[in-house]
Amino acid sequence: MPRYEGQCHCGSVKFAFDSEPMVSGLRCNCSICVRKGAVMSPDVIDQEALDIEVRDDVLAIYQFGDKTAKHYFCKRCGIYPFHETARFPGKLRVNLGCIDALDPLGMEVSLFDGKHLL
Ligand SMILES: [Zn+2]
């Protein structure tokens, strides 16, 4: 399995995980995803499987509503690297735009109707 390595824009938040080759992405139209506009990993990743390295304590969490999901962002550059999902607590999706080895805007991207289903 390939190992994927990603980082926020300033590099203060780094993450890595092993996954089957990622050939597609996922977008969601819920209130926060539609604002972020990110292309996310189509499959969720176990929390234990994601290696996270944070410099200078810059990793912050934004939560709203029932506060199930944890939307992480870098306090220095503002970028969203990954989040713990509302649908699958304990599982994460990552921002494919943070992974230099991928071309998320060139991938087939499906849309999850989180606006109506979350
Ligand atoms: Zn950053």
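Which residue in S8 is the bridge partner of Lys-70? In this predicted model, that partner is Glu-84. The pairing belongs to strands S7 (residues 70-74) and S8 (residues 82-84), which run antiparallel to one another and are joined over two bridges.

Both strands form part of an open sheet of five strands, arranged in the order S4-S9-S8-S7-S6 with antiparallel pairing. The edges of this sheet are occupied by S4 (45-46) and S6 (59-62); each has a single partner strand, so one side of each is left without a neighbour in the sheet.

The largest nonpolar core comprises 20 residues. Within this core, the residues touching the most other members are Phe-15, Phe-17, Leu-50, Phe-82, Val-94, Leu-96 and Ile-99. At least two core residues are supplied by each of strands S2 (13-18), S7 and S9 (91-94), and the greatest contribution is that of S2, with three residues. Beyond its neighbours up to four places away in sequence, Ile-99 touches Phe-15, Phe-17 and Val-94, which are also among the residues with the most contacts to other core members. The remaining residues touched by Ile-99 under this criterion are Tyr-4, Glu-5, Gly-6 and Met-22. Another core, of nine residues, lies apart from the largest one and includes Cys-30, Ile-32, Met-40 and Tyr-80.

Two loop positions were examined further. Asn-95 is located in the loop between S9 and strand S10 (108-112). With a relative accessibility of 10%, Asn-95 falls under the 20% limit and therefore counts as buried. The side chain of Asn-95 reaches the backbone oxygen of Tyr-80 at 2.8 Å. Tyr-80 is itself a member of the nine-residue core. When residues up to four places away in sequence are excluded, Asn-95 touches Tyr-80 together with Phe-15, Ala-38, Val-39, Ile-79 and Pro-81. Of these, Phe-15 belongs to the largest nonpolar core.

Ala-49 is placed in the loop between S4 and strand S5 (51-54). Its relative accessible area is 38%, and Ala-49 is therefore partly exposed. Outside its neighbours within four places in sequence, Ala-49 is in contact with Ala-16 and Phe-17. Although Ala-49 and Ala-16 are 33 residues apart along the chain, their C-alpha atoms are separated by 8.5 Å. Phe-17, the other contact of Ala-49, is one of the residues touching the most other members of the largest core.

Conventions
Residues are numbered from 1 along each chain as its sequence is written. This is a predicted model: local features need pLDDT of at least 70, side-chain atom pairs count only at pLDDT 80 or more; totals for chains, interfaces and linings use all residues. Side-chain values use heavy atoms; hydrogens and water are left out. Two strands pair if DSSP finds at least two bridges between them. Helices (H or I, at least four residues) and strands (E, at least two) are DSSP runs, numbered from the N terminus. A nonpolar core is a set of buried Ala, Val, Leu, Ile, Met, Phe, Trp, Tyr and Cys residues joined through side-chain atoms within 4.5 Å. Buried means under 20% relative accessible area, exposed over 50%, partly exposed in between (1.4 Å probe, protein chains only). Contact means heavy atoms within 4.5 Å. A polar contact is a pair of N or O atoms within 3.5 Å; within protein, one must be able to donate a hydrogen and the other to accept it, and residues adjacent in sequence count only if both atoms are side-chain atoms.
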